[in-house]
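Let's take a walk through a protein structure together. Keep the sequence beside you and find each residue as it comes up.

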Amino acid sequence: METLEGLKRTDYCGTLTAKDVGKTVTLCGWVQRQRDLGSLIFIDLRDRTGIVQLAFDENTDKAVFDKAFSARSEYVLAAVGTVRERSAKNTEIPTGEIEVEVTELRILGKSETPPFEIVPNCQTAETTRLKYRYLDLRRPDLQKNILLRHKITKITRDYFDENGFIEIETPMLIRSTPEGARDFLVPSRIHNGSFYALPQSPQLYKQLSMVAGFDRYMQIARCFRDEDLRADRQPEFTQIDVEMSFVDMEDVLAMGEGYIKRVFKDAIGVDVPTPLPRITYNEAMNRYGSDKPDTRYGMELIDITNEVSSSEFVVFKSAIAEGGTVRAINAENAVSALSRKEIDKLTDYVKGIGAKGLAWIRMTDDGMSSSFAKFMTEDEMNAILKKTGAKKGDVILIVADKIKNHVLTVLGALRQKVAKKLDIIPEGKYNFLWITEFPFFEYDEEQKQFVAMHHPFTAPMDECIDYLETDKAKVRAKCYDLVLNGIELSSGSIRITDPQLQSRIFDLLGLSKEEAYSKFGYLLDAFRYGAPPHGGMGIGLDRLCMQMIGCDSLRDVIAYPKLQNASEPMTECPAPVDDEQLKELGIGVTHKEGE
């Protein structure tokens, strides 16, 4: 194998243009493909910037020509030559007007035949590609994603630096604290029987940084949550973490909007109009059935409870009698796509997420057909059609239940599924939305009591403080989420710094003074020494990149991601460790039966 001794790369493959004709260059990269035409050999050389054609002909030194003849896909080459105009131009690639007439060629590394072809949009199974992720990452489309992520990260640091923020690193090994998901635990060898936790977020440390006087904190923070994965979740993820002192909610939202405007413009050339629209949590749930609604399409939820209040249809009647609600969505021009068979599939779907069933009306060319019309009067059916705006070609889908929030969430999920089925979600559109005034508490049907909806340092709205003990359903939080196209990008809140109010909140959450101090004592102690009013937010960097690039999965914007079962095929982790390591940690492993 040859070396680079005496050579220095002068240019990247994808940066050469017609302006470089006549220039002597040294290039390094991988063979995308080699074409042997007898007296002519062409090699497409690839690096992270793109591809350029290397040319070898009868004028090429024989030793150089023979090396080009032996080159195969994914060989690593260094080539010296002169840029010249191509006789047959290729308009498909940026370097298609030129090629390099090679005078020196070195084979720096040979390659076996790869397990899959290194091409954009590779159709090889993802598990295989992740096993050979170092090869998968050579693909131009994935490299483009990672390079754009780098650009987004740089813009992020620049924006917050320009706005007076200080980047502060917080620990990776911390005390386990309740934050809503399971912790990843790390056993301590020195303190046998005790454990560190990997941080779910830097929440408490960034609040301590406010007490410390760093009034504007920012961190590109690694976070860890041991939870079931989806397309937009990974066990380890990256968060743009922000905290500000001496501010109110408007200040935090303005800073967040400024960042979104800047990063979209500088990274992908998209102008995001500001101020961003806002709706309350209650409005989001009533209109879209979700606290992270996709507003790129309509099909909003419609309350038809009054229209069916006198109905004898038992599904509607029993729901209303128990204080529930009846809601509908109008899938416009969907009668062809939503056949009876497809509606049966939708019925199974909503039952799978907890609904008792799905009532429907189809407005066909032959008139109205319905799953429940025989139980209704003509006036009642006409009232539904009027309220939903139903016309020929539309399909009305209806859910009823005694629990209002259950109806809303089921219809919200159904709205998304139908929109995908009808293919009405526009691409290349970025709909941002702030969700504000979240409930402070949520009612847990299993526990039959109100529980906290957010972390315990979230402040209630001032006008709601009097209801904390008397009417928990009325209490709203100084909490806000930023939603983009149905994905939660960011969540944040104004924090509690009043020790008396904090004590009341702990009491309401069922935490005794001893429990609260055991879990959060260091923060509570800090607040005794002059805590400034503060608030902040965390923006999911992985999700932001995924949305800006238009990917379907976080795995497309993370260099070394985990599979849905939280494993990594390349390194085959997680993996057992030897008994000696376990002995040092004072840990024994109990295997389940059958393992």
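What follows is a tour of charged pairs, cysteines, backbone details and surface patches. Please keep in mind that this is a predicted model.

We begin with charges. Side chains of opposite charge can pair when their charged atoms come close. How many salt bridges are there here? The count comes to 47 salt bridges, and we will visit a few of them.

Start at Glu236, which forms a salt bridge with Arg222; their closest N and O atoms are 3.1 Å apart. Glu236 lies in strand 10 (residues 236–245) and Arg222 in strand 9 (residues 216–224), so this pair ties together parts that are 14 residues apart in sequence. Both ends have some contact with the outside: Glu236 is partly exposed at 24% relative accessibility, and Arg222 is partly exposed as well, with a relative accessible area of 32%.

Stay with Glu236 for a moment. The side chain of Glu236 also meets that of Lys562 in a salt bridge, with 2.5 Å from N to O. Here the pair links distant parts of the chain: Glu236 is in strand 10, while Lys562 sits in the loop between helix 14 and helix 15, 326 residues apart. Is Lys562 buried or exposed? With 10% relative accessibility, Lys562 counts as buried.

Now look for another pair, Lys421 and Glu342, whose side chains meet in a salt bridge (3.4 Å, N to O). This pair joins two helices from distant parts of the chain: Lys421 belongs to helix 11 (residues 404–422) and Glu342 to helix 9 (residues 340–352), 79 residues apart. Lys421 counts as partly exposed, at 43% relative accessibility, whereas Glu342 counts as buried, at 18%.

Salt bridges can also be found in a network. Arg129, Arg133, Asp136, Arg139 and Asp141 are linked in this way.

Next, the cysteines. A disulfide is a covalent bond between the sulfur atoms of two cysteines. How many disulfides does a search of the whole structure find? The search finds zero. Why is Cys122 not bonded to another cysteine? The closest cysteine sulfur, in Cys551, is 15 Å from the sulfur of Cys122, and that is too far for a bond. To count as a disulfide, the two sulfur atoms would have to be within 2.5 Å. Cys573 is in no disulfide either; the nearest cysteine sulfur belongs to Cys223 and is 18 Å away. As for their surroundings, Cys122 counts as buried at 12% relative accessibility, while Cys573 is partly exposed, with a relative accessible area of 27%.

Cys573 also leads us to the backbone. A cis peptide bond joins Cys573 and Pro574, with omega about 0°. You will find Pro574 in the loop between helix 14 (541–549) and helix 15. Another cis peptide bond runs from Thr274 to Pro275, with omega near 5°. Pro275 lies in a loop too, between helix 6 (249–268) and strand 11 (278–280).

While we are looking at the backbone, notice Glu74. Although Glu74 is not a glycine, this residue has a positive phi of about 75°. Glu74 has its place in the loop between helix 1 (62–70) and strand 4 (76–85), and is buried, with a relative accessible area of 4%. Asn121 is also a residue other than glycine with a positive phi, near 55°. The loop between strand 5 (98–109) and helix 2 (126–131) holds Asn121. Is Asn121 buried or exposed? Asn121 is exposed, with a relative accessible area of 58%.

We finish on the surface. Which residues form a nonpolar patch there? They are Met172, Leu173 and Tyr196, and together they have about 250 Å² of accessible area. Leu173 is placed in the loop between strand 6 (166–167) and strand 7 (185–187). Leu173 is partly exposed, with a relative accessible area of 43%.

The other surface patch on our tour is a negative one, formed by Asp578, Asp579, Glu580 and Glu584. Find Glu580 in helix 15 (residues 579–585).

Terms used: Residues are numbered from 1 along each chain as its sequence is written. This is a predicted model: local features need pLDDT of at least 70, side-chain atom pairs count only at pLDDT 80 or more; totals for chains, interfaces and linings use all residues. Side-chain values use heavy atoms; hydrogens and water are left out. Patches are made of residues with over 30% relative accessible area and no salt bridge: like charges are joined within 9 Å, nonpolar side chains (Val, Leu, Ile, Met, Phe, Trp, Tyr) within 5 Å. Accessible areas come from the Shrake-Rupley method with a 1.4 Å probe; for residues, only the protein chains shown count as cover. A salt bridge is a side-chain nitrogen of Lys or Arg within 4 Å of a carboxyl oxygen of Asp or Glu. Lys and Arg count as positive and Asp and Glu as negative; His and the chain ends are not counted. The place of a charge is taken as NZ of Lys, CZ of Arg, CG of Asp or CD of Glu. Helices (H or I, at least four residues) and strands (E, at least two) are DSSP runs, numbered from the N terminus. Buried means under 20% relative accessible area, exposed over 50%, partly exposed in between (1.4 Å probe, protein chains only).
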